[in-house]
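Work through these short exercises with the model open. Try each task before reading its solution.

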Amino acid sequence: MMNQQQMGGQQLPPDFKLTDAREMLCECGNNTFMDGVRFRKVSRLLTGNSIDSVIPVQVFLCTACGKAFNEMLPDELQETKIIK
Ligand SMILES: [Zn+2]
């Protein structure tokens, strides 16, 4: 199972082809996603700043069903995996 941290520092063999990689699918079976951003607000009581902080969280939305792609969410935001 590939973990998300490997996305940035690509360690791929020189003869690698995309066809060697497993396609990641939405739970609806669609394979195309679009960018989205969620925002989390952090209370100033937590950070000690004078105002609340806003943290953008990148999400990928399925172009078919519109749901956020759970597998690409930060670990803390992932919904419980549904085992079929
Ligand atoms: Zn979908």
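**Exercise 1.** Decide whether strand S2 is buried or in the open.

Solution. This is a predicted model. Take the ten residues of strand S2, residues 53-62. A residue counts as buried if 20 or more other C-beta atoms lie within 10 Å of its own C-beta. In S2 the number of buried residues is zero, so the strand lies largely in the open. Now take the whole protein chain: of its 84 residues, 1% count as buried.

**Exercise 2.** Work out how S1 and S2 pair.

Solution. Start with the order of elements. The protein chain has one helix and two strands, in the pattern β-α-β along the sequence. Strand S1 covers residues 33-42. S1 and S2 pair in the antiparallel sense, over ten bridges. For one position, look at Met-34: it stands opposite Leu-61 in S2.

**Exercise 3.** Describe the surroundings of Leu-25.

Solution. Locate Leu-25 in the segment before S1. Count its neighbours: 14 other C-beta atoms lie within 10 Å, so Leu-25 is partly exposed. Next, leave aside neighbours within four places in sequence; Leu-25 is then in contact with Asn-30 and Asn-31. Finally, look further along the chain. Glu-71 is 46 residues away in sequence, and its C-alpha atom is 9.3 Å from that of Leu-25.

**Exercise 4.** Find where the pLDDT is below 50.

Solution. Begin with the mean pLDDT of the protein chain, which is 86. Of its residues, 85% reach 70 or more. Over residues 1-5 the pLDDT is below 50. Beyond near neighbours in sequence, this stretch has one contact in the model. Where pLDDT is low, predicted coordinates should not be read in detail.

Notes: Residues numbered from 1 in each chain as written. Predicted model: local features only at pLDDT ≥ 70, side-chain atom pairs only at ≥ 80, totals over all residues. Helix = DSSP H or I, 4+ residues; strand = E, 2+ residues; numbered from the N terminus. Buried ≥ 20, exposed ≤ 12 C-beta atoms within 10 Å, placed from the backbone. Pairing = 2+ DSSP bridges. pLDDT = per-residue confidence, 0-100. Contact = placed C-beta atoms within 7 Å.
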